[in-house]
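Visitor: I am new to this structure. Please take a close look at one part with me, the pairing of charged side chains, and then show me what else to look at.

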Amino acid sequence: MEASSSRGRSGGAALKRRRGAGSGSTAQSLNDDILRSIFSRLDDHFDLARCSAVCSSWNRIIVTAHLMRDLYYKRNPPARGSSSNISVKSYFEALAMDEHASSLSSGPADAYQWIGHPMRATLCRMRGGSILTGVGDKFLRLWSAETCKFMNEYNVPNAKTLVDFDFDENKDFYLMFICLCSFADPEVVIGCEDGRAFVYDMYSRSCSSIYRLHSSPVTCLTITDDQLILGGSTFGNIAIADQTSGQKLGVLKSAYAPLAIRSLSFNTNSHMIFAGSSAGYAHCWDLRTLRPLWEPRVSPNVIYSVHHLPGDTATLAVGGIDGVLRLICQRTGDIIRSIIVDTNRPAESTLRSRHQIEKKRVREVVPGAQVDNISTRLRPQITSLSVGMKKIVTTHGENYIRVLKFRPKRS
């Protein structure tokens, strides 16, 4: 009886173990061959990339099996046998940019808003996964673009008034004070009200050069990869100067001058210069020919900020005093999409890192709609904007910050 009872107990335990193994199996219990077979059946690079980011073991399987490369060749048979490393890299870069442009142009979006400063936030820059916001109260705050989490705070030195800044997320960020400026490591170029540009070395903190750009105040600046200084003016002109020699190479003019050029953005890939002006015009010139390509009036009021994701040659984000965020085609200047944030609907609130984040719905503005008929509560002025991968951060002259997150449109 005892032996029989013992066998019964051991048999029941084994049965429980077998049942437990079947009912509690997880992805961790799958061996490499099974996972490799599952991953090889994925037909979307982004799904494969998401799987590779789950854990180191999944990433190792996908990398060692060359599944990304195989999927690339599956979609691009002529590329097999060519310089595959360059082709694959270029393909994935183009794929990422296509999804970014598609998401901004037609994908759904949500807005995340939080109180970021005790006073009015008027400036913002986004680089990679970081957001830097600034105000006139002389300090900057660093945030995570993904979680909206507060990361750090920096004081503006020497009691200067903060007007503009830029930064590199891979290094210490660089601050620009007193007036409009731009930087190209290791130098900062500052534009002044007397029309001159001062070049400062960021390490020695000394002025290395002074160049005359305009006879009127410099309103905005940007620097190209070829060390060219582009400076806007209150007369509607953009001066081009060689940062090394100071030689003035040319002047870009608007057909609608005089008007003040309020913001500049340069696309390294297409060599196009984009600008926003005080009369609501968006402008585009080809740096290689110095010829205007388009300049439609996209807003009834001042455009304070224009920006695009580096590497993107499809979409340009434009914002200004009327509070409507417009996405424009870089090639034609046509408005692709106009959006505002719907504050009439109750916001979904979440608490993250001790500050409240409200999730709000993004609303489309139909083509031809009279902006004046839309409540100003739904469209606070956009004082600054910056574009990241499928994200746009905006400030509005208030104490809150907004991040709009776009998703691909699923068919």
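Guide: Start with the term itself. A salt bridge here is a side-chain nitrogen of Lys or Arg within 4 Å of a carboxyl oxygen of Asp or Glu. Side chains of opposite charge can pair when their charged atoms come close. Keep in mind that this is a predicted model. By the rule just given, the count comes to 14 salt bridges.

Take one pair to begin with. Lys 74 forms a salt bridge with Asp 43. The closest N and O atoms of Lys 74 and Asp 43 are 3.6 Å apart. Lys 74 lies in helix H5, residues 67-75, while Asp 43 sits in the loop between H2 and helix H3, so the pair ties together parts that are 31 residues apart in sequence. How open are the two partners? Lys 74 counts as exposed because its relative accessibility is 60%, and exposed means over 50%. Asp 43 has 44% relative accessibility and counts as partly exposed.

Stay by that loop for a moment. Helix H3 covers residues 45-52. At the start of H3, a side-chain oxygen of Asp 44 reaches to within 3.1 Å of the backbone nitrogen of Asp 47. Which residues of H3 are buried? They are His 45, Leu 48, Cys 51 and Ser 52. These four cover an arc of only 120° around the axis, which puts them on the same side of H3.

Now look at H2. This helix spans residues 32-39 and contains Ile 34. Ile 34 is partly exposed, at a relative accessible area of 39%. Together with Leu 30 and Ile 38, Ile 34 makes a nonpolar surface patch of about 220 Å².

Back to charged pairs. Arg 288 forms a salt bridge with Asp 286, with the closest N and O atoms 3.1 Å apart. The partners have opposite settings: Arg 288 is exposed, with a relative accessible area of 56%, and Asp 286 is buried, with 11%. Asp 286 falls within strand E18, residues 282-286. The loop after E18 leads to strand E19, residues 291-294, and holds Leu 290. Leu 290 has a positive phi of about 60° although it is not a glycine. Its relative accessibility is 33%, and Leu 290 counts as partly exposed.

A similar backbone angle turns up in another loop. Gln 227 is not a glycine, yet has a positive phi of about 65°. Look for Gln 227 between strand E12, residues 218-223, and strand E13, residues 228-233. Gln 227 is partly exposed, at 28% relative accessibility.

Next, a pair under cover. The side chains of Arg 326 and Asp 322 meet in a salt bridge, at 2.8 Å from N to O. Both Arg 326 and Asp 322 are buried. Salt bridges that share partners also join Asp 110, Lys 359 and Arg 407 into one network.

Follow Asp 110 in that network. Asp 110 belongs to strand E1, residues 109-115. Asp 110 counts as buried because its relative accessibility is 16%, and buried means under 20%. A polar contact of 2.8 Å joins the side chains of Asp 110 and Arg 407. Beyond four places in sequence, Asp 110 touches several residues, among them Lys 359, Lys 360, Val 362 and Arg 407.

One more buried site deserves a look. Ser 263 lies in strand E16, residues 261-267. Its relative accessibility is 6%, and Ser 263 is buried. The side chain of Ser 263 reaches the backbone nitrogen of Val 306 at 3.4 Å. Further contacts of Ser 263 include Cys 220, Phe 274, Ile 303 and Tyr 304. Gly 232 is 31 residues from Ser 263 along the chain, yet their C-alpha atoms are separated by 7.6 Å.

Finally, step back to the whole chain. The secondary structure comes to six helices and 28 strands. Of its 411 residues, 49% count as buried. Residues 24 or more positions apart account for 45% of the contacts with a separation of 6 or more. The accessible surface comes to about 20,800 Å², and 50% of that surface belongs to carbon and sulfur atoms.

Methods. Residues are numbered from 1 along each chain as its sequence is written. This is a predicted model: local features need pLDDT of at least 70, side-chain atom pairs count only at pLDDT 80 or more; totals for chains, interfaces and linings use all residues. Side-chain values use heavy atoms; hydrogens and water are left out. Patches are made of residues with over 30% relative accessible area and no salt bridge: like charges are joined within 9 Å, nonpolar side chains (Val, Leu, Ile, Met, Phe, Trp, Tyr) within 5 Å. Accessible areas come from the Shrake-Rupley method with a 1.4 Å probe; for residues, only the protein chains shown count as cover. Helices (H or I, at least four residues) and strands (E, at least two) are DSSP runs, numbered from the N terminus. Buried means under 20% relative accessible area, exposed over 50%, partly exposed in between (1.4 Å probe, protein chains only). Contact means heavy atoms within 4.5 Å. A polar contact is a pair of N or O atoms within 3.5 Å; within protein, one must be able to donate a hydrogen and the other to accept it, and residues adjacent in sequence count only if both atoms are side-chain atoms. The arc is that of the directions from the helix axis to the C-beta atoms.
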